[in-house]
Amino acid sequence: MHSSGQEVFTSSLKVALVHSFYSSRNPSGENAAVLQQAEAMRRAGYEVEVFAQRTDERELGRLYPIEASITVSTGIGPKPLLGEFEPDVIHIHNLFPNYGKKWIRSVSAPVVSTMHNYRPLCAAGTFYRGSESCTACLDRDSSIPAIVHGCYRGRLQSVPVSIGQRFANEPVLADSDALIVLSEQMREMYARAGVPWTRMHTLPNFLPQELDCGPGEGDGGYWLYAGRLSQEKGVLELLRKWPKGHRLILVGSGDLEDEVRSFASDDVILMGAVSRGQLLTLMQDAVGVVFPSRCFEGFPLVYPEALSAGTPILTWEPNVVSRLVSSELTGLVGGLEDIGNLLDHAYEFFPRIRAHCRTVYEEKYTEKKWIPALGTVYQSIL
């Protein structure tokens, strides 16, 4: 483990945020979360510098596919050039696929890593395969099933990802002084892989203070889906079961956009990608937010966004939002087969819990709550 050899006040720490940004072709809540955390930390007095590798830029290189494969499979590759910054804490968010991993063992500053997904344990990063959740690699402590099933963009691209997996011996997991997970569900899954429970801290995502538009009335007469249009998000299953006579607005883009568009009707409206401000306005007026994801998820930003607008959530197991909704009483958890009755119940129930949803947001998911919690994690390793 690492030690800084000094005691400092968390409000004056120098923090290096390390993140490999995913391609802009695939909208990433993770990218957005890293940037909003950096700004929140600066507002709180931290000296923050983001050390980034950007897939959009790296892809311009002719040899990039080979370079990325080598980095992912061996852990050898670019490392953050900390130079003269001399951070008190190195905070890793994502190294895949552009940063190496082995450099973590040689740095002098303590390391904190935030686990935004399940990539160290699952080639897909989602524990989702085909049309259902899958923990085959975790159960076997082996990535062979990922190669067999081609879990990362087919068998060929799954090979380097799977070769590079070390599960609990993954450098990010084994050599970080502290790990931040976004939910208790994530903590349970990583503990199941062998990561010590006591080294993990649960710290969910938050909504930046400048984006908090306050609660709405929910009187727009429509339901709202906001997220990537991809298989694991369950959007096609939702549309196949969506009953006529209930207006649904879909916000987002992704691989399934053409298929989603085929469901367009007077009841189903595809808006595509919108700004964060537009999304929050839509949430204020929505009867409820529908979250049909079929994978576990980390901690989707849509959850605190919806609660900030006072908007309850309709969701299904096994995703983490279903757990949060059940424990925090912020909506309804049901089954797609019964969606008609669920919607009828929600029209009556949701208006009564809007104020409660806003209260849960204020108590748990604001920037003001997140900053001291982050400081506690940093202080634990200093």
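User: In this predicted model, where is the place of lysine 101, and is that residue buried or exposed?

Analyst: The place of lysine 101 is in the loop that lies between strands E3 and E4. Outside its neighbours within four places in sequence, this lysine contacts Val72, Gly75, Leu95, Gly164, Glu170 and Pro171. Its relative accessibility is 16%, and a residue under 20% is classed as buried, so lysine 101 counts as buried.

User: What is the strand order of the open sheet that includes E3 and E4, and which strands stand at its edges?

Analyst: The sheet is open and holds 6 strands with parallel pairing, in the order E2-E1-E3-E4-E7-E8. E2 and strand E8 (200–202) each have a single partner strand, so one side of each is left without a neighbour in the sheet. From one strand to the next the twist averages 20°. The strands at the edges are therefore E2 and E8.

User: Over how many bridges do E3 and strand E4 pair, and which residue of E4 stands opposite histidine 91?

Analyst: Strands of a sheet pair through backbone hydrogen bonds, in either a parallel or an antiparallel sense. E3 and strand E4 (residues 111–115) pair in the parallel sense, over 3 bridges. Opposite histidine 91 in E4 stands valine 112.

User: Which strands does helix H8 lie across, and at about what angle does it run to E8?

Analyst: Helix H8 covers residues 184–192. It lies across E4, strand E7 (178–181) and E8. Relative to E8, the helix runs at about 160°.

User: Is valine 181 buried or exposed, and what separation lies between its C-alpha atom and that of histidine 201?

Analyst: Valine 181 lies in strand E7, and it is buried, with a relative accessible area of 1%. Not counting residues up to four places away in sequence, valine 181 touches Met115, Met186, Arg187, Tyr190, Met200, His201, Thr202 and Leu203. Valine 181 and histidine 201 are 20 residues apart along the chain, and their C-alpha atoms are separated by 6.0 Å.

User: Which elements do the buried residues of helix H1 pack against?

Analyst: Helix H1 (residues 29–43) has 15 residues and reaches 21 Å from its first C-alpha to its last, close to the 21 Å expected at 1.5 Å a residue. Its buried residues are Glu30, Asn31, Ala33, Val34, Gln36, Gln37, Ala38, Ala40 and Met41. After H1 comes glycine 45, with a positive phi near 105°. The buried residues of H1 pack against strand E1 (14–21), strand E2 (47–54), strand E3 (89–94), H11 and helix H15 (367–381).

User: At roughly what angle do the axes of helices H3 and H6 cross, and how do the residues of their contact divide?

Analyst: The axes of H3 (residues 64–74) and H6 (residues 155–163) come within 6 Å and cross at roughly 35°. Ser69, Val72 and Ser73 of H3 meet Pro160, Val161 and Ile163 of H6. The contact residues divide into 4 nonpolar, 2 polar and no charged.

User: What is the order of the strands in the open sheet that includes E9, and which are its edge strands?

Analyst: This open sheet has 6 strands in parallel pairing, ordered E11-E10-E9-E12-E13-E14. Its twist averages 25° from one strand to the next. Pairing on one side only marks the edge strands, E11 (268–272) and E14 (331–334).

User: What is the bridge partner of tyrosine 225 in E10, and which helices pack on this sheet?

Analyst: Strand E9 (residues 223–226) pairs with strand E10 (residues 248–251) in the parallel sense over 4 bridges, and the partner of tyrosine 225 in E10 is leucine 250. Helix H11 (residues 276–285) packs on the sheet and touches E9, E10, E11 and strand E12 (288–291), its direction making about 150° with that of E9. Touching E9, E12, strand E13 (313–316) and E14, the helix that packs with its direction at about 160° to that of E14 is H14 (residues 339–364).

User: How many disulfides are there, and why is cysteine 357 in no such bond?

Analyst: A disulfide requires two cysteine sulfur atoms within 2.5 Å, and the count comes to 0 disulfides. For cysteine 122, the nearest cysteine sulfur, that of cysteine 151, is 6.4 Å away. Cysteine 357 is buried, with a relative accessible area of 0%. Its sulfur is too far for a bond because the closest cysteine sulfur, in cysteine 213, lies at 17 Å.

Methods: Residues numbered from 1 in each chain as written. Predicted model: local features only at pLDDT ≥ 70, side-chain atom pairs only at ≥ 80, totals over all residues. Heavy atoms only, no water. Pairing = 2+ DSSP bridges. Helix = DSSP H or I, 4+ residues; strand = E, 2+ residues; numbered from the N terminus. Axes fitted to C-alpha atoms, helices over the stretch in contact; angles between N-to-C directions. Contact = heavy atoms within 4.5 Å. Expected span 1.5 Å × (residues − 1). Buried < 20%, exposed > 50% of the residue type's maximum accessible area, 1.4 Å probe, protein only. Nonpolar A, V, L, I, M, F, W, Y, C, P; charged D, E, K, R; others polar.
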